[in-house]
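Good morning, colleagues. I should like to take a few minutes on the side chains at the surface of this model, and on how some of them pair up. Please look at the structure first.

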Amino acid sequence: MTQRDTLQLGIDGFSYGDLYDPFKLKALTGAFDRFVEERDPGLLTEFDEYRACRGEGMAPEKISELLVRMAPFVGSFLARLFNLEEYRSAQMRRIVAEMETVFRFRNEVVGKEAAKRFKREKLEDWDIVALKRQFNSLLEALAEDLSDREKAV
């Protein structure tokens, strides 16, 4: 038995093999459109306009903003399609918790200290090269894992 025979999709009426069939992919696109329309009909209307012109005549910023707004729906639909909704939800919770930690630190520690400590400082008086060297030395000495530099900081 192949993966095509065993993988069960999470959208009724579709099987794994349908992902290789252009006609079924068109039907799956229709299912996606209904999925978006149930949640944000205006967004689907905008996306249909984009599809019709393929972005011709649209400002790049407008295209980008539209695609960014559509992305969560693509993620939700794919998670449902491949029965990954629980995994996706858990991953989203981890990301939110990590971002909350980073922004809480930034707002509560860095922001308050910066306002007090550097109020009268002038950036042009700083030796940026030396500061970067000192910062990198501290980071290398204290961080356990430098593969994700932002997280290490």
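Val 74 has a relative accessible area of 34%, so Val 74 counts as partly exposed. This is, I should say at once, a predicted model. Val 74 sits in helix α4, which covers residues 60-81. Together with Leu 78, Phe 82, Leu 84 and Tyr 87, Val 74 makes up a nonpolar surface patch of about 440 Å².

Let me turn from nonpolar to charged side chains. Which residues form the negative surface patch? They are Glu 98, Glu 144, Asp 145, Asp 148 and Glu 150. Of these, Glu 98 belongs to helix α5, residues 85-117. Its relative accessible area of 40% places Glu 98 in the partly exposed class.

I now come to the salt bridges, of which the model has 7. I shall discuss three of them.

Consider Lys 62 to begin with. Lys 62 is located in helix α4 and is partly exposed, at 38% relative accessibility. What is its salt-bridge partner? Lys 62 pairs with Glu 46, with 3.4 Å between the closest N and O atoms. This pair connects distant parts of the chain, since Glu 46 lies in helix α3 (residues 41-53) and Lys 62 in helix α4, 16 residues apart. The two side chains are also joined by a polar contact of 3.4 Å. Glu 46 is partly exposed as well, with a relative accessible area of 23%. For a sense of scale along the chain, the C-alpha atoms of Lys 62 and Ser 76 are 22 Å apart, with their positions 14 residues apart in the numbering.

The next pair stays inside one helix. Asp 48 and Arg 51 form a salt bridge with an N to O distance of 3.1 Å. Because these residues are 3 apart in helix α3, about one helical turn separates Asp 48 from Arg 51. Both are partly exposed: Asp 48 has a relative accessible area of 33%, and Arg 51 has 29%.

The third pair is Glu 85 with Arg 80, whose closest N and O atoms are 3.5 Å apart. Glu 85 is partly exposed at 39%, and Arg 80 is partly exposed at 29%. Elsewhere, Glu 46, Lys 62, Glu 65 and Arg 69 are joined into one network by salt bridges that share partners.

Thank you; I would be glad to take questions.

Notes: Residues are numbered from 1 along each chain as its sequence is written. This is a predicted model: local features need pLDDT of at least 70, side-chain atom pairs count only at pLDDT 80 or more; totals for chains, interfaces and linings use all residues. Side-chain values use heavy atoms; hydrogens and water are left out. Patches are made of residues with over 30% relative accessible area and no salt bridge: like charges are joined within 9 Å, nonpolar side chains (Val, Leu, Ile, Met, Phe, Trp, Tyr) within 5 Å. Accessible areas come from the Shrake-Rupley method with a 1.4 Å probe; for residues, only the protein chains shown count as cover. A salt bridge is a side-chain nitrogen of Lys or Arg within 4 Å of a carboxyl oxygen of Asp or Glu. Lys and Arg count as positive and Asp and Glu as negative; His and the chain ends are not counted. The place of a charge is taken as NZ of Lys, CZ of Arg, CG of Asp or CD of Glu. Helices (H or I, at least four residues) and strands (E, at least two) are DSSP runs, numbered from the N terminus. Buried means under 20% relative accessible area, exposed over 50%, partly exposed in between (1.4 Å probe, protein chains only). A polar contact is a pair of N or O atoms within 3.5 Å; within protein, one must be able to donate a hydrogen and the other to accept it, and residues adjacent in sequence count only if both atoms are side-chain atoms.
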